[in-house]
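Load the model in your viewer and set the display to cartoon, with side chains hidden. The stops below are given as selections, each followed by what is to be found there.

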Amino acid sequence: MHLSAMLGLGTLLLGALMASAAHGLERDVALTPRALETALSANPSGADAEQLANNVRALFGKDALAKGHPKIEGLTVAFALDRAGLARAPEVVSDDNRFHLALKPIGGTSVYAAATTLPEGSAARYHWKVEGEPIEGGQFEVYTPPAESRADPSVPHGVVTPQAKWHSKIFDGTERDWWVYVPAQYKAETPACVMIFQDGQWYKDRVAVVFDNLIARGEMPVTVAVFINPGKFADGRDNRSFEYDTLSDQYSRFLLEEILPEVEKTRPLRHDAPSRAVAGISSGGICAFTVAWERPDQFHKVLSWVGSFTGIASGKTLKEGGNTYPVLIRKSPHKEIRIFQQDGANDLDNVHGNWPLANQEMNLALEYARYDHKFVFGQGFHSDNHGYALLPDSLRWLWRDYKP
């Protein structure tokens, strides 16, 4: 169904604001995209309109208001512009013309705003029409946040601890930041499972909350998480693509010979492959797969978001990138690894390849070779939004049937 057909869907209303819609927006209630949709339906005027306009300014901030960037809350997306002297209200239109949203003036102020609730997984590239002229916009995608992504005060909370900068010998001349999460249920006398996340700074805080909740419920085993950033050289050069996109055993050796032994100096870990998982996004996603592909005897579980199974690390022959994996998977002896893979139809398309097609080729190759594999393909972009919406389910799937 076209997005434009969904604009009339009812929103999830905030009970505390329903009364304010009839009596003006309450001064002490922080505005959210959902509350904005409710407040606009009351057609405020006078002082109420001035207050709502100020609340919109506070919600979006000066930069987002000037550039027209949306604010998103679950499935509700809100847009606003602060422009004086317009003869008609601005509009937001998707590039494929399936989504159209006309903003409303807030009383006699210079602020225009609109909010709407969309179907799960909706995604669009959009542009603005201001005084009928197209203006550069951006993109959005919406998902229902999983309950497990919210901190639960009733469950034990693990601790994420920053580690001293790691100076690698395998990636000689690099140093990197990294962190270790230890769940509250960890006991030194019982070695734990371990899950490693590339680009660790992007994951550490949000993943810890999900781990807390799933471990407390018994939906995944007691698992230490290691969050590792890519290396940098002393002159500031980033070694991320070399480490992540190269098809070799170098990164798996880095984990097995350097990082995991360092963790085990204070936190004993299990050494069997079913107790070890590795995860990443984009180039970190192909890196996670490469680690398990090279060492299935050590790593059994892979989580890949918008994985770069493309020709980024193509080498001198232009034949050495991740785009070769579908053929390798089909022709190589079967390996005991389990893969959860996510991508979206609006992912990247550039000189290195087409991400949606590359991930679909990986999916078909893994199916052909009868791997334990799950692929979730949505409408999203090259982002972590869909991955985080799927994280609790993907972890449950990866760790299902686990027996120590």
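Which strands does α6 lie across? In this predicted model, select α6 together with β12, β13, β14 and β16 (276–281): the helix lies across these four strands, and its direction is at about 120° to that of β14.

**The sheet**

Now select the whole sheet around those strands. Eight strands make up an open sheet with mixed pairing, in the order β9-β12-β14-β13-β16-β17-β18-β21. At its edges stand β9 (159–162) and β21 (372–378); each has a single partner strand, so one side of each lacks a neighbour in the sheet. From one strand to the next, the twist averages 15°.

Zoom in on the β21 edge. Strand β18, residues 338–344, runs parallel to β21, and seven bridges join the two. To find one of the paired positions, pick Gln-342, whose bridge partner in β21 is Val-376. Then add helix α10, residues 385–399, which packs on the sheet and touches β13, β14, β16, β17 (301–305), β18 and β21. The direction of α10 makes about 165° with that of β18.

**Phe-227**

Stay with the sheet and select Phe-227, which is in strand β14. Is Phe-227 buried or exposed? Its relative accessibility is 0%, so Phe-227 counts as buried. Show the residues in contact with Phe-227 beyond four places in sequence: Asp-177, Trp-178, Trp-179, Tyr-181, Phe-197, Gly-200, Tyr-203, Lys-204 and Val-207. For Lys-204, a distance label between C-alpha atoms should read 6.2 Å from Phe-227, although the two are 23 residues apart along the chain.

**The nonpolar cores**

Next, select Phe-289 and Ile-329. These residues have the most contacts inside the largest nonpolar core, which has 43 residues. Two or more residues of this core come from each of β12 (178–182), β13 (193–198), β14 (223–228), α6 (250–263), α7 (283–294), α8 (325–331) and α9 (355–368). Apart from this core lies another, of 30 residues, including Phe-211, Met-220, Ala-279 and Leu-390.

Return to Phe-289 and show its surroundings. Leaving out residues up to four places away in sequence, Phe-289 touches Val-302, Phe-309, Tyr-325, Ile-329, Ile-337, Ile-339, Met-362 and Leu-366.

**The cavity**

How many cavities of 30 Å³ or more are there? The count comes to one. The largest cavity has a volume of about 40 Å³. To locate it, select its lining: Phe-171, Phe-242, Glu-243, Thr-246, Ser-248, Gln-250, Tyr-251 and Thr-290. Both α5 (240–245) and α6 supply at least two residues each to this lining.

**The β7–β8 hairpin**

Move to strands β7 (residues 123–130) and β8 (residues 133–141), which run antiparallel and are joined by seven bridges. Pick Trp-128 and look across to β8, where Ile-135 stands opposite. The two strands form a hairpin with two residues between them. In the turn, Glu-131 has a positive phi of about 55°.

**Helix α2**

The last selection is helix α2, residues 33–40. Eight of its eight residues are buried, so the helix is largely enclosed by the rest of the structure. Colour by residue type and the buried set reads Pro-33, Arg-34, Ala-35, Leu-36, Glu-37, Thr-38, Ala-39 and Leu-40.

Notes
Residues are numbered from 1 along each chain as its sequence is written. This is a predicted model: local features need pLDDT of at least 70, side-chain atom pairs count only at pLDDT 80 or more; totals for chains, interfaces and linings use all residues. Side-chain values use heavy atoms; hydrogens and water are left out. A nonpolar core is a set of buried Ala, Val, Leu, Ile, Met, Phe, Trp, Tyr and Cys residues joined through side-chain atoms within 4.5 Å. Buried means under 20% relative accessible area, exposed over 50%, partly exposed in between (1.4 Å probe, protein chains only). Contact means heavy atoms within 4.5 Å. Two strands pair if DSSP finds at least two bridges between them. Axes are lines fitted to C-alpha atoms, for helices over the stretch in contact, and angles run from 0 to 180 degrees between N-to-C directions. On a 1 Å grid over the protein atoms alone, a cavity is a set of points where a 1.4 Å probe fits but cannot get out, and a pocket is an open set with protein on both sides within 12 Å along at least five of seven lines; lining residues have an atom within 4 Å of a point. Grid points are joined across faces, edges and corners, and a volume is the space filled by probe spheres set on the points.
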